[in-house]
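Visitor: I'm new to reading protein structures, and I'd like to take a close look at just one part of this one. Could you pick out a helix and walk me through what surrounds it?

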Amino acid sequence: MYECEQCHGDSDHSKYHIPIVDESKGKKVMLHLECCPKENLIKLLHEKVESEKMFFDEALNLSENLSAENIEKFEKKFGTYDEIKQGIKIDKLVEILAIVDQLKTI
Ligand SMILES: [Zn+2]
């Protein structure tokens, strides 16, 4: 549950089950995707995809250099399956797909 900084509505007022975290004004702001300006959504999309590229590069690297130590480093950096499952961390692919979905409408 979160409150959107823009419209002050709660998470039920969005079609999406996750908010967008916009840090463009220097502080973390939670918004409904629908309340985030298009330019910011595009910027956030770019940042998130860049960060996912790094994730996949490192996952590839992990598959080529598998060790308990490297798995630990990888999970420390990107989070664990359990953290995503419990909602402690947001699945970045879901976030990217949500932004793309929202950009279709604006
Ligand atoms: Zn809102």
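Guide: Here is a walk along helix H1 and its surroundings, starting with the whole chain.

Keep in mind that this is a predicted model. The average pLDDT of the chain is 93, and 100% of the residues score at least 70. In general, where pLDDT is low, the predicted coordinates should not be read in detail. Among the elements here, the lowest mean pLDDT, 91, belongs to helix H3 (residues 81–85), and the highest, 96, to H2.

Now the layout. The chain has two strands and four helices, and starting from the N terminus they come in the order β-β-α-α-α-α. If you boxed up the C-alpha atoms along the principal axes, you'd need roughly 45 × 25 × 25 Å. Of the 106 residues, 14% count as buried. Take the contacts with a separation of 6 or more: 49% of them join residues 24 or more positions apart.

So which helix do we follow? H1 covers residues 38–64, and we can look at its partners one at a time.

Let's start with H4. The axes of H1 and H4 come within 10 Å and cross at roughly 150°. Angles over 145 degrees count as roughly antiparallel, so that is the word for how H1 sits against H4. The crossing is left-handed. On the H1 side, the contact is made by Leu41, Leu44, Leu45, Lys48, Val49, Ser51 and Glu52. Facing them from H4 are Lys92, Glu95, Ile96, Ile99, Gln102 and Leu103. Look at the spacing of those numbers with this in mind: an α-helix has 3.6 residues a turn, so residues three or four places apart point the same way.

Zoom in on Leu41 for a moment. Setting aside its neighbours within four places in sequence, Leu41 is in contact with Cys36, Ile99, Gln102 and Leu103. Leu41 also belongs to the largest nonpolar core, a set of nine residues. The others in that core are Cys4, Ile20, Leu31, Leu33, Cys36, Leu44, Ala98 and Ile99. Helices H1 and H4 (92–103) each supply at least two residues of this core.

Further along H1, you reach Glu47. Glu47 counts as exposed because it has 12 C-beta neighbours inside 10 Å, and the cut-off for exposed is 12 or fewer. Its C-alpha atom is 9.9 Å from that of Ile96, although the two residues are 49 apart along the chain.

Next comes Ser51, also in H1. Ser51 is another exposed residue, since it too has 12 C-beta neighbours inside 10 Å. Try the distance from Ser51 to Thr105: they are 54 residues apart along the chain, and 25 Å separates their C-alpha atoms.

Right after that is Glu52, again in helix H1. Glu52 has 15 other C-beta atoms within 10 Å, so it is partly exposed. Leaving out neighbours within four places in sequence, Glu52 is in contact with Lys92 and Ile96. From Glu52 to Leu93 the C-alpha distance is 8.0 Å, across 41 residues of sequence.

Now for the other partner, H2. H1 and H2 pack with their axes 10 Å apart, at an angle of about 165°, so these two are roughly antiparallel as well. H1 passes H2 in a left-handed crossing. Phe55, Glu58 and Leu62 of H1 make this contact with Asn70, Ile71, Phe74 and Phe78 of H2.

How many of the eleven residues of H2 (residues 68–78) are buried? The number is zero, so H2 lies largely in the open. Just after H2, Gly79 takes a positive phi of about 95°.

That sign is worth a short detour. Most residues other than glycine have a negative phi. His8 is not a glycine, yet its phi is positive, near 60°. You'll find His8 in the segment before strand S1 (20–22). His8 is exposed, because it has 9 other C-beta atoms within 10 Å.

To retrace the walk in the viewer, begin at Leu41, which touches Ile99, then move to Glu52 and its contacts with Lys92 and Ile96. Finish at Phe55, Glu58 and Leu62, where H1 meets H2.

Terms used. Residues are numbered from 1 along each chain as its sequence is written. This is a predicted model: local features need pLDDT of at least 70, side-chain atom pairs count only at pLDDT 80 or more; totals for chains, interfaces and linings use all residues. A residue is buried if 20 or more other C-beta atoms lie within 10 Å of its own, exposed if 12 or fewer, and partly exposed in between; C-beta atoms are placed from the backbone. Two residues are in contact if their C-beta atoms, placed from the backbone, lie within 7 Å. A nonpolar core is a set of buried Ala, Val, Leu, Ile, Met, Phe, Trp, Tyr and Cys residues joined through C-beta atoms within 7 Å. pLDDT is the predictor's confidence in each residue, from 0 to 100. Axes are lines fitted to C-alpha atoms, for helices over the stretch in contact, and angles run from 0 to 180 degrees between N-to-C directions. Angles under 35 degrees count as roughly parallel, over 145 as roughly antiparallel, 65 to 115 as roughly perpendicular and the rest as oblique. A crossing is left-handed if the near helix is turned anticlockwise from the far one by less than a right angle, and right-handed if clockwise.
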